Amino acid sequence: MDNSVKLDIIDMTKLYKNGDGVRNINLQVHEGELLTLLGPSGCGKTTILRTIGGFIELTSGDITIDGKSIVSMPPEKRPTSMVFQSYNLWPHMTVKQNLEYGLKLRKVPAAEREKRIAEGLALVKMTGFETKYPGQMSGGQQQRIAIARSLLLEPSVLLLDEPFSALDAKIRMQMREELRKIQTDLNITVVFVTHDQEEAMMISDRIVVMSKGHIEQDASPTEIYENPATRFVAGFIGEMNFLDNGDGTETGVRPENVTIVAGHDAEGVKGAVRTIMMLGHYQEITCDTSYGLVKANVSSEEAARFVPGQQVTLQFGKTYTFQKEEA
């Protein structure tokens, strides 16, 4: 990844009539970087993406790509390309015609179109599908074609709006891996929008966590998981137990940092086992305590030592302190 700034969002504000939107967003995306905008519905992540693509006008601020302002350009003239959640393929056109459409608009010669289409299909592992129609393909196949179509336009910045959320879990996992491989192989700059924190953690170089129209934290996946900047980030990324300290602060502890000791003799938070649940390669034990429910992730061997109702003491490894947030 190059350190040069590819996309620069400067003091961007977009407000809707009801007062919602995003305010004073400043964000730089570097050449070859995959940056994810992550947050719950309505946090402003899609608003930012669509302003970059030119589908929504800014209230104020500027957006530059390679140092040139793009805010006065219509979407089709911008050096960007967008992949939507709903694929947006023309149902009456074959795969080849769908891929060719944008190239024809850009007056790419026929021989060059053929070459690019063949390369695009090979890239997304869809060679041989040229004559199929969208209705004859699965959701995952249609999304591959939508990604190929965007890549054929050779955008400076590729924009992806929840592109895998309509797919089933196994295909979604496969598509994430393939997108990441294509992105690194081609060294393309990508802005990806999702509300799925696992997806963001898997594919991103950097994650921008958003809430209510502003940025809560902008950092690497590891930094965001290990050092959440706010209580919101801590609660949104991964699992976190919150214990009220009674002084306007809360202690946060991740379930993998909770150790369970049988009985009430040891130092720590006293409680009793409520449930034991199998979650793949580990088990989640939920305990009743005076602070409320506390979860611990332990190995299957460890979990076998406990039963529901058993008295236990909880000991904490790494903890965090957060200011309590208003409900």
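# Close-up views of a predicted model

**View 1. Lining of the largest pocket.** β6 (80-83), α2 and α4 each supply two or more residues of the lining of the largest pocket, that is, at least two. The model shown here and in every view below is predicted. α2 gives the most to this lining, with four residues. The space in the largest pocket comes to about 610 Å³. The pocket is lined by 19 residues, and the closest to its centre are Phe55, Glu76, Ser81, Met82 and Leu153. Sorted by class, the lining holds nine nonpolar, seven polar and three charged residues.

**View 2. The second largest pocket.** About 230 Å³ of space lies in this pocket. Its lining is made by Arg116, Glu119, Gly120, Leu123, Leu151, Leu152, Glu154, Pro155, Leu186 and Ile188. Both α3 and α4 supply at least two residues each. α3 gives the most, with four residues. Six of the lining residues are nonpolar, one is polar and three are charged.

**View 3. The largest nonpolar core.** This core has 32 residues. Leu99, Ile145 and Phe192 have the most contacts inside it. At least two core residues come from each of α2 (95-105), α3 (110-123), α4 (139-152), β7 (157-161), α5 (169-186) and β8 (189-194). α4 gives the most to this core, with six residues. Apart from it lies another core, of 24 residues. Val22, Leu27, Leu49 and Ile70 are among the residues of that other core. In soluble globular proteins, nonpolar side chains tend to be buried together.

**View 4. Contacts of Phe192.** Which residues does Phe192 touch, not counting those up to four places away in sequence? The list starts with Leu34, Leu35, Thr36 and Leu37. It continues with Leu160, Pro163, Phe164 and Leu179, and ends with Glu199 and Ile203. Phe192 is also one of the residues with the most contacts inside the largest nonpolar core.

**View 5. An open sheet of four strands.** The strand order is β2-β1-β4-β5, and the pairing is antiparallel. β2 (21-30) and β5 (68-69) stand at the edges. Each has a single partner strand, so one side of each is left without a neighbour in the sheet. Strand β1 (residues 5-15) pairs with strand β4 (residues 60-65) in the antiparallel sense, over five bridges. Thr13 has its bridge partner in β4, and that partner is Ser60.

**View 6. Helix α1 and its surroundings.** Why is helix α1 (residues 45-53) largely enclosed by the rest of the structure? Seven of its nine residues are buried, so the helix is largely enclosed. The buried residues are Lys45, Thr47, Ile48, Leu49, Thr51, Ile52 and Gly53. Leu49 also belongs to the core of 24 residues. Gly54 follows α1, and its phi is positive, near 90°.

**View 7. Ile52 in helix α1.** Ile52 has its place in α1. Is Ile52 buried or exposed? Its relative accessible area is 1%, under the 20% cut-off, so Ile52 is buried. Beyond residues up to four places away in sequence, Ile52 touches Leu7, Ile9, Ile63, Ile70, Arg78, Thr80 and Leu159. Ile70 is also one of the residues of the core of 24. Ile52 and Ser150 are 98 residues apart along the chain, and their C-alpha atoms are separated by 15 Å.

Terms used:
Residues are numbered from 1 along each chain as its sequence is written. This is a predicted model: local features need pLDDT of at least 70, side-chain atom pairs count only at pLDDT 80 or more; totals for chains, interfaces and linings use all residues. Side-chain values use heavy atoms; hydrogens and water are left out. A nonpolar core is a set of buried Ala, Val, Leu, Ile, Met, Phe, Trp, Tyr and Cys residues joined through side-chain atoms within 4.5 Å. Buried means under 20% relative accessible area, exposed over 50%, partly exposed in between (1.4 Å probe, protein chains only). Contact means heavy atoms within 4.5 Å. On a 1 Å grid over the protein atoms alone, a cavity is a set of points where a 1.4 Å probe fits but cannot get out, and a pocket is an open set with protein on both sides within 12 Å along at least five of seven lines; lining residues have an atom within 4 Å of a point. Grid points are joined across faces, edges and corners, and a volume is the space filled by probe spheres set on the points. Ala, Val, Leu, Ile, Met, Phe, Trp, Tyr, Cys and Pro count as nonpolar, Asp, Glu, Lys and Arg as charged, and the others, Gly among them, as polar. Two strands pair if DSSP finds at least two bridges between them.
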